[in-house]
Amino acid sequence: MSQSSPVDPAKLAAARAAVALVRDGMKLGLGTGSTASIMVRELAARVRDEGLSLRCAATSQATADLAESLGIRIATLDQIGWLDMTIDGADEVDPDLHLIKGGGGAHLREKIVAAASDRMVVIADPGKVVEQLGAFPLPVEVLQFGFETTRTLIRRALEGLDLGDRAVMQRLRGGDPWITDEGNFILDLHLEVIPDAPALARALSAIPGVVEHGLFLGMCDLTIIGKADGSVVELDREEGVDADLLAGERGWQS
Ligand code: 5RP
(Lines give C-alpha, C1' and ligand atoms only; values in the text may rest on other atoms or scores of the structure.)
Protein backbone atom coordinates (compact mmCIF):
# COMPACT_ATOMS: atom_id res chain seq x y z
CA MET A 1 0.00 0.00 0.00
CA SER A 2 1.59 3.30 -0.98
CA GLN A 3 0.44 6.56 0.60
CA SER A 4 2.30 9.80 1.19
CA SER A 5 1.27 10.27 4.87
CA PRO A 6 1.61 7.58 7.55
CA VAL A 7 -1.48 5.40 7.89
CA ASP A 8 -3.37 5.56 11.20
CA PRO A 9 -3.19 1.95 12.47
CA ALA A 10 -6.68 2.08 14.02
CA LYS A 11 -8.26 3.28 10.77
CA LEU A 12 -6.27 0.67 8.85
CA ALA A 13 -7.48 -2.12 11.15
CA ALA A 14 -11.11 -1.07 10.69
CA ALA A 15 -10.70 -0.70 6.93
CA ARG A 16 -9.07 -4.14 6.58
CA ALA A 17 -11.81 -5.82 8.59
CA ALA A 18 -14.48 -4.22 6.40
CA VAL A 19 -12.70 -5.12 3.17
CA ALA A 20 -12.50 -8.73 4.43
CA LEU A 21 -16.32 -8.79 4.18
CA VAL A 22 -16.17 -8.17 0.42
CA ARG A 23 -16.91 -11.16 -1.82
CA ASP A 24 -16.35 -11.63 -5.53
CA GLY A 25 -19.23 -10.23 -7.60
CA MET A 26 -20.45 -7.80 -4.97
CA LYS A 27 -21.95 -4.40 -5.71
CA LEU A 28 -20.36 -1.89 -3.35
CA GLY A 29 -20.74 1.70 -2.21
CA LEU A 30 -17.43 3.39 -1.42
CA GLY A 31 -17.45 6.07 1.28
CA THR A 32 -15.55 9.32 1.64
CA GLY A 33 -12.90 10.59 4.05
CA SER A 34 -9.53 9.49 5.36
CA THR A 35 -10.75 6.15 6.75
CA ALA A 36 -12.70 5.38 3.59
CA SER A 37 -9.62 6.25 1.51
CA ILE A 38 -7.62 3.63 3.40
CA MET A 39 -10.46 1.19 2.75
CA VAL A 40 -10.37 1.97 -0.99
CA ARG A 41 -6.62 1.27 -1.05
CA GLU A 42 -7.11 -2.02 0.77
CA LEU A 43 -9.92 -2.94 -1.60
CA ALA A 44 -7.78 -2.10 -4.63
CA ALA A 45 -5.09 -4.43 -3.29
CA ARG A 46 -7.61 -7.29 -3.09
CA VAL A 47 -8.94 -6.53 -6.57
CA ARG A 48 -5.39 -6.63 -7.89
CA ASP A 49 -4.21 -9.68 -5.94
CA GLU A 50 -7.35 -11.83 -6.13
CA GLY A 51 -8.86 -10.60 -9.39
CA LEU A 52 -12.13 -9.74 -7.68
CA SER A 53 -14.88 -8.62 -10.01
CA LEU A 54 -16.84 -5.83 -8.32
CA ARG A 55 -19.25 -3.12 -9.29
CA CYS A 56 -18.60 0.04 -7.29
CA ALA A 57 -20.37 3.37 -6.85
CA ALA A 58 -18.54 6.24 -5.13
CA THR A 59 -19.99 8.69 -2.59
CA SER A 60 -17.88 11.60 -3.85
CA GLN A 61 -15.81 12.70 -6.81
CA ALA A 62 -12.71 12.47 -4.59
CA THR A 63 -13.40 8.80 -3.85
CA ALA A 64 -14.21 8.09 -7.49
CA ASP A 65 -10.91 9.66 -8.55
CA LEU A 66 -8.93 7.72 -5.93
CA ALA A 67 -10.60 4.41 -6.78
CA GLU A 68 -10.10 4.86 -10.54
CA SER A 69 -6.45 5.80 -9.98
CA LEU A 70 -6.00 2.46 -8.16
CA GLY A 71 -7.68 0.39 -10.86
CA ILE A 72 -11.19 0.11 -9.37
CA ARG A 73 -13.75 0.93 -12.04
CA ILE A 74 -16.53 3.24 -10.85
CA ALA A 75 -20.07 3.21 -12.21
CA THR A 76 -22.92 5.52 -11.30
CA LEU A 77 -25.39 4.42 -8.65
CA ASP A 78 -28.12 4.34 -11.27
CA GLN A 79 -26.05 2.10 -13.55
CA ILE A 80 -25.65 -0.40 -10.72
CA GLY A 81 -29.12 0.00 -9.26
CA TRP A 82 -28.84 -1.57 -5.81
CA LEU A 83 -25.80 -2.29 -3.67
CA ASP A 84 -24.94 -5.24 -1.44
CA MET A 85 -22.91 -3.15 0.96
CA THR A 86 -21.59 0.36 1.51
CA ILE A 87 -18.44 0.89 3.56
CA ASP A 88 -18.01 4.42 4.90
CA GLY A 89 -16.48 6.39 7.74
CA ALA A 90 -18.26 8.56 10.31
CA ASP A 91 -17.59 11.57 12.47
CA GLU A 92 -19.52 10.25 15.47
CA VAL A 93 -21.12 6.90 16.35
CA ASP A 94 -23.42 6.52 19.35
CA PRO A 95 -24.50 3.35 21.21
CA ASP A 96 -27.52 2.91 18.88
CA LEU A 97 -25.17 3.17 15.89
CA HIS A 98 -26.71 6.51 14.96
CA LEU A 99 -24.15 8.65 13.20
CA ILE A 100 -23.02 12.14 12.41
CA LYS A 101 -21.46 12.26 8.96
CA GLY A 102 -20.43 14.98 6.54
CA GLY A 103 -17.13 16.15 7.96
CA GLY A 104 -15.83 15.69 4.44
CA GLY A 105 -18.86 17.46 2.99
CA ALA A 106 -20.14 14.36 1.20
CA HIS A 107 -23.04 13.31 3.41
CA LEU A 108 -25.69 13.90 0.73
CA ARG A 109 -24.25 11.38 -1.69
CA GLU A 110 -23.21 9.18 1.24
CA LYS A 111 -26.78 9.01 2.50
CA ILE A 112 -28.21 8.29 -0.95
CA VAL A 113 -25.69 5.49 -1.49
CA ALA A 114 -26.18 4.02 2.00
CA ALA A 115 -29.96 4.10 1.52
CA ALA A 116 -29.52 2.07 -1.67
CA SER A 117 -27.53 -0.65 0.10
CA ASP A 118 -28.55 -3.88 1.82
CA ARG A 119 -25.98 -3.14 4.47
CA MET A 120 -24.12 -0.05 5.69
CA VAL A 121 -20.81 -0.84 7.36
CA VAL A 122 -19.11 2.01 9.20
CA ILE A 123 -15.39 1.98 9.85
CA ALA A 124 -14.05 4.17 12.63
CA ASP A 125 -11.26 4.73 15.10
CA PRO A 126 -12.15 4.81 18.83
CA GLY A 127 -12.22 8.64 18.85
CA LYS A 128 -15.46 8.54 16.85
CA VAL A 129 -17.40 6.68 19.54
CA VAL A 130 -19.58 8.98 21.66
CA GLU A 131 -22.18 8.57 24.36
CA GLN A 132 -24.42 11.18 22.75
CA LEU A 133 -24.19 12.81 19.33
CA GLY A 134 -23.46 16.50 18.93
CA ALA A 135 -19.91 17.44 19.89
CA PHE A 136 -18.94 17.21 16.22
CA PRO A 137 -20.59 20.11 14.36
CA LEU A 138 -23.57 18.72 12.44
CA PRO A 139 -23.19 19.37 8.68
CA VAL A 140 -26.27 20.50 6.79
CA GLU A 141 -26.11 20.81 3.00
CA VAL A 142 -28.25 23.72 1.81
CA LEU A 143 -29.13 25.22 -1.53
CA GLN A 144 -27.31 28.40 -2.56
CA PHE A 145 -30.67 29.94 -3.46
CA GLY A 146 -32.12 31.63 -0.38
CA PHE A 147 -29.10 30.61 1.68
CA GLU A 148 -29.59 33.23 4.44
CA THR A 149 -33.31 32.49 4.61
CA THR A 150 -32.52 28.82 5.09
CA ARG A 151 -30.03 29.70 7.82
CA THR A 152 -32.74 31.76 9.57
CA LEU A 153 -35.19 28.87 9.34
CA ILE A 154 -32.58 26.49 10.75
CA ARG A 155 -32.00 28.89 13.68
CA ARG A 156 -35.75 28.98 14.31
CA ALA A 157 -35.92 25.20 14.24
CA LEU A 158 -33.08 25.05 16.76
CA GLU A 159 -34.91 27.53 19.02
CA GLY A 160 -37.87 25.15 19.02
CA LEU A 161 -35.57 22.43 20.31
CA ASP A 162 -33.96 24.62 23.02
CA LEU A 163 -30.80 24.88 20.92
CA GLY A 164 -31.35 28.46 19.83
CA ASP A 165 -28.07 29.81 21.22
CA ARG A 166 -25.88 27.49 19.13
CA ALA A 167 -23.68 28.75 16.29
CA VAL A 168 -24.72 28.00 12.70
CA MET A 169 -21.58 28.55 10.64
CA GLN A 170 -21.09 28.45 6.91
CA ARG A 171 -18.31 26.03 6.00
CA LEU A 172 -15.44 27.67 4.18
CA ARG A 173 -12.46 26.39 2.26
CA GLY A 174 -9.56 28.81 1.88
CA GLY A 175 -11.86 31.71 2.76
CA ASP A 176 -14.43 30.84 0.08
CA PRO A 177 -17.71 28.98 0.60
CA TRP A 178 -17.34 25.20 0.58
CA ILE A 179 -19.15 23.91 -2.49
CA THR A 180 -20.32 20.30 -2.42
CA ASP A 181 -20.19 17.86 -5.33
CA GLU A 182 -23.82 18.83 -5.96
CA GLY A 183 -23.01 22.56 -6.03
CA ASN A 184 -24.53 23.41 -2.65
CA PHE A 185 -23.29 25.20 0.49
CA ILE A 186 -22.76 23.62 3.92
CA LEU A 187 -23.80 24.98 7.30
CA ASP A 188 -22.13 23.43 10.36
CA LEU A 189 -24.35 23.40 13.44
CA HIS A 190 -22.23 23.67 16.59
CA LEU A 191 -24.73 22.01 18.89
CA GLU A 192 -22.40 20.52 21.52
CA VAL A 193 -25.04 17.93 22.32
CA ILE A 194 -28.15 16.69 20.49
CA PRO A 195 -30.74 15.70 23.10
CA ASP A 196 -33.32 14.39 20.58
CA ALA A 197 -31.72 13.41 17.27
CA PRO A 198 -34.95 12.18 15.56
CA ALA A 199 -36.71 15.46 16.41
CA LEU A 200 -33.80 17.48 15.04
CA ALA A 201 -33.66 15.35 11.90
CA ARG A 202 -37.39 15.89 11.32
CA ALA A 203 -37.13 19.64 11.91
CA LEU A 204 -34.21 20.05 9.51
CA SER A 205 -35.77 17.89 6.79
CA ALA A 206 -38.91 20.06 6.93
CA ILE A 207 -36.99 23.19 5.83
CA PRO A 208 -37.26 23.64 2.06
CA GLY A 209 -33.71 24.91 1.45
CA VAL A 210 -32.14 22.05 3.38
CA VAL A 211 -30.95 19.43 0.93
CA GLU A 212 -29.72 16.93 3.53
CA HIS A 213 -28.38 16.85 7.08
CA GLY A 214 -25.61 14.66 8.43
CA LEU A 215 -27.67 12.67 10.93
CA PHE A 216 -27.74 9.01 9.84
CA LEU A 217 -30.34 7.46 12.13
CA GLY A 218 -31.00 3.73 11.92
CA MET A 219 -28.94 3.37 8.75
CA CYS A 220 -25.75 1.76 10.03
CA ASP A 221 -25.93 -2.04 10.32
CA LEU A 222 -22.41 -2.74 11.50
CA THR A 223 -19.72 -0.51 13.00
CA ILE A 224 -16.15 -1.74 13.00
CA ILE A 225 -13.94 0.11 15.46
CA GLY A 226 -10.26 -0.35 14.76
CA LYS A 227 -7.66 -0.04 17.46
CA ALA A 228 -4.05 1.06 17.37
CA ASP A 229 -2.87 -2.50 18.12
CA GLY A 230 -4.55 -3.73 14.92
CA SER A 231 -7.51 -5.44 16.63
CA VAL A 232 -11.13 -4.51 15.97
CA VAL A 233 -14.43 -4.44 17.85
CA GLU A 234 -17.56 -5.10 15.78
CA LEU A 235 -20.90 -3.64 16.82
CA ASP A 236 -23.86 -5.23 15.05
CA ARG A 237 -27.18 -3.38 15.24
CA GLU A 238 -29.25 -6.58 14.96
CA GLU A 239 -27.36 -8.26 17.77
CA GLY A 240 -27.69 -5.16 19.95
CA VAL A 241 -24.76 -3.11 21.10
CA ASP A 242 -23.29 -3.74 24.52
CA ALA A 243 -23.16 -0.19 25.93
CA ASP A 244 -20.49 -1.15 28.47
CA LEU A 245 -18.31 -2.56 25.72
CA LEU A 246 -18.77 0.58 23.68
CA ALA A 247 -18.08 2.77 26.70
CA GLY A 248 -14.87 0.85 27.24
CA GLU A 249 -13.79 1.48 23.68
CA ARG A 250 -14.18 5.20 24.12
CA GLY A 251 -13.39 5.58 27.76
CA TRP A 252 -16.73 7.04 28.86
CA GLN A 253 -18.92 5.54 31.53
CA SER A 254 -22.33 4.15 30.54
C1 5RP B 1 -17.44 12.58 4.78
C2 5RP B 1 -17.73 11.76 5.96
C3 5RP B 1 -16.60 10.96 6.52
O4 5RP B 1 -16.93 9.62 6.47
C5 5RP B 1 -16.35 11.42 7.92
O6 5RP B 1 -16.09 12.81 7.92
C7 5RP B 1 -15.17 10.68 8.55
O8 5RP B 1 -13.99 11.04 7.91
P9 5RP B 1 -12.58 10.54 8.40
O10 5RP B 1 -12.52 9.08 8.12
O11 5RP B 1 -11.59 11.33 7.57
O12 5RP B 1 -12.46 10.86 9.86
O13 5RP B 1 -18.81 11.70 6.48
O14 5RP B 1 -18.54 13.37 4.42
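Here a biologist and a modeller talk through the two domains of a predicted model and the interface between them.

Biologist: Which residues make up domain 1 and domain 2?
Modeller: This is a predicted model, with local features needing pLDDT of at least 70, side-chain atom pairs counting only at pLDDT 80 or more, and totals for chains, interfaces and linings using all residues. Residues are numbered from 1 along each chain as its sequence is written, and side-chain values use heavy atoms, leaving out hydrogens and water. The bounds come from an automatic or database domain assignment. It gives domain 2 as 138-211 and domain 1 as 9-128 + 218-230.

Biologist: How much area do domain 1 and domain 2 bury between them?
Modeller: Buried area is the accessible area (1.4 Å probe) that two parts lose on being put together, summed over both. Carbon and sulfur atoms hold 58% of it here, and the total is about 880 Å².

Biologist: Nice! Which three residues supply 48% of the area that domain 1 buries against domain 2?
Modeller: No other three residues of domain 1 supply more of that area. They are His-107, Leu-108 and Arg-109.

Biologist: Which residue forms a salt bridge with Glu-182?
Modeller: A salt bridge needs a side-chain nitrogen of Lys or Arg within 4 Å of a carboxyl oxygen of Asp or Glu. Two are found across the interface of domain 1 and domain 2. For Glu-182, the closest N and O atoms are 2.8 Å apart, and the partner is Arg-109.

Biologist: And which helix gives the most to the side of domain 1 that touches domain 2?
Modeller: Helices are DSSP runs (H or I, at least four residues), numbered from the N terminus. The helix in question spans residues 107-115 and gives three residues to that side; it is H5.

Methods: Helices (H or I, at least four residues) and strands (E, at least two) are DSSP runs, numbered from the N terminus.
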